[in-house]
Amino acid sequence: MKARVAILISGRGSNMAALIAAARAPDYPAEIALVLSNRADAGGLALAAAAGVPVAVVESRGRPREAFEAELQAVLEARRIGLVALAGFMRVLTEGFVRAWEGRMLNIHPSLLPAFKGLDTHRRALEAGVRLHGCTVHLVSPGVDEGPILAQAAVPVLAEDDEAALAARVLAEEHRLYPAALAWLAAGRVRLEGGRARVEAEGASGVLANPLPGPAALSTQPPRD
Ligand code: GRF
């Protein structure tokens with residue numbers, strides 16, 4: 001039986017759309033049983049409905065966290081949800097809620113964690129001058145943007161990048177990485193060992209570097225004009 005997944009969104013839902021598209025494959029080990037937003041105006045709701053996925057809104061504004069989460073939990077239980085995928089869900093969840101879903105709730109974050117937790121990750125990566133940036137899929141622990149890392153994808157930061165260009169390069173990788181990571185979790189290919197996640201999956205090989213240390217880069221001679 002396929003794992004029943006709820007995707008929690010607050011906004012445009014491009015990662016949600018990538019998960020819905022991936023889950024259409026007959027051999028994908030999860031089905032997207034619900035898209036739930038904490039905001040009625042989230043753009044992703046219309047995309048999900050157009051894709052034929054059941055949608056729900058549990059409004060979070062102007063109410064205590066506990067009341068919001070109690071309703072959220074009730075909806076998830078009513079739909080027999082087994083896994084939760086946070087995808088641009090902008091509401092911090094309480095420790096109690098996170099513990100209830102421990103090991104069964106994923107998040108995608110647009111940085112190579114633990115660098116750049118929080119907001120404005122692309123601007124901060126540019127300001128820091130990092131040469132590699134990227135995205136992370138992790139199991140959700142109570143701290144914000146914390147929890148065992150399942151997968152990461154790195155992209156180069158280019159000299160001419162602005163925030164939008166870098167964000168677009170990272171987002172393209174998010175759309176590849178998240179469906180793969182959700183599939184691993186749904187297929188039971190993720191094990192927790194000492195607070196870290198081990199994933200039985202095709203391994204990565206080689207080294208990521210930017211700039212690439214080719215023969216010219218390794219030369220000890222100063223660059224010629
Ligand atoms: C993504 O960059 C995701 O990593 C972050 O919020 C953004 C959501 O974008 N958590 P979208 O709604 O999936 O398009």
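Let me start with helices α5 and α6: in this predicted model, the axes of α5, which spans residues 121–128, and of α6 come within 9 Å and cross at roughly 115°. That angle makes α5 roughly perpendicular to α6, and the crossing by which α5 passes α6 is right-handed. If you look at the residues that make this contact, you will find His122, Arg123, Ala125 and Leu126 on the α5 side, meeting Glu163, Leu166, Ala167 and Val170 on the α6 side. Sorted by class, the residues in the contact of α5 with α6 come out as five nonpolar, one polar and two charged.

Staying with α5 for a moment, which of its residues are buried? They are Thr121, His122 and Ala125, and because they cover an arc of only 95° around the axis, they are placed on the same side of α5. It may help to recall here that an α-helix has 3.6 residues a turn, so residues three or four places apart point the same way. As for what these buried residues pack against, the partners of α5 are strand β5, residues 105–109, strand β6, residues 132–139, and helix α6. After the helix comes glycine 129, with a positive phi near 75°.

Let me now turn to the second helix pair that involves α6. Helix α1, residues 14–23, packs with α6, residues 163–186, at an angle of about 45°, and the two axes are 9 Å apart. That makes α1 oblique to α6, and the crossing of these two helices is right-handed. On the α1 side the contact is made by Ser14, Asn15, Ala18, Leu19 and Ala22, while α6 contributes Leu171, Glu174, His175, Tyr178, Pro179 and Leu182. Taken by class, the contact of α1 with α6 has seven nonpolar, three polar and one charged residues.

From the helices I would like to move to strand β5, where histidine 109 is found. Is this histidine buried or exposed? With a relative accessible area of 3%, histidine 109 is buried, since the cut-off for that term is under 20%. Leaving aside the neighbours within four places in sequence, histidine 109 is in contact with Phe116, Lys117, Gly118, Thr121, Gly134, Cys135, Thr136 and Asp145. I would draw your attention to Thr121 in that list, as Thr121 is also one of the buried residues of α5.

Next comes the loop between β5 and α5, which has several backbone features to go through. Proline 114 lies in this loop, and the peptide bond that leads to proline 114 from leucine 113 is cis, with omega near 10°. Phenylalanine 116, which has its place in the loop between β5 and α5, has a phi near 55°, a positive value in a residue other than glycine. At 18% relative accessibility, phenylalanine 116 counts as buried, and it is among the contacts of histidine 109. Aspartate 120, placed in the loop between β5 and α5, likewise has a positive phi, near 55°, in a residue other than glycine. Its relative accessible area is 42%, so aspartate 120 is partly exposed.

There is a further cis peptide bond to mention, namely the one that joins asparagine 210 and proline 211, with omega about -5°. Proline 211 is found in the loop between β9, residues 196–199, and α7, residues 215–218.

I will finish with two glycines in loops. Glycine 82 is found in the loop between α3, residues 65–78, and β4, residues 83–86, and at 25% relative accessibility glycine 82 counts as partly exposed. Not counting residues up to four places away in sequence, which residues does glycine 82 touch? They are Arg4, Trp101 and Arg104. From glycine 82 to asparagine 38 there are 44 residues in sequence and 19 Å in space, taken from C-alpha to C-alpha.

The other one, glycine 143, has its place in the loop between β6 and β7, the latter being residues 149–156. At 25% relative accessibility, glycine 143 counts as partly exposed. The C-alpha atoms of glycine 143 and alanine 85 are separated by 16 Å, with these positions 58 residues apart along the chain.

How values were computed. Residues are numbered from 1 along each chain as its sequence is written. This is a predicted model: local features need pLDDT of at least 70, side-chain atom pairs count only at pLDDT 80 or more; totals for chains, interfaces and linings use all residues. Side-chain values use heavy atoms; hydrogens and water are left out. Axes are lines fitted to C-alpha atoms, for helices over the stretch in contact, and angles run from 0 to 180 degrees between N-to-C directions. Helices (H or I, at least four residues) and strands (E, at least two) are DSSP runs, numbered from the N terminus. Angles under 35 degrees count as roughly parallel, over 145 as roughly antiparallel, 65 to 115 as roughly perpendicular and the rest as oblique. A crossing is left-handed if the near helix is turned anticlockwise from the far one by less than a right angle, and right-handed if clockwise. Contact means heavy atoms within 4.5 Å. Ala, Val, Leu, Ile, Met, Phe, Trp, Tyr, Cys and Pro count as nonpolar, Asp, Glu, Lys and Arg as charged, and the others, Gly among them, as polar. Buried means under 20% relative accessible area, exposed over 50%, partly exposed in between (1.4 Å probe, protein chains only). The arc is that of the directions from the helix axis to the C-beta atoms.
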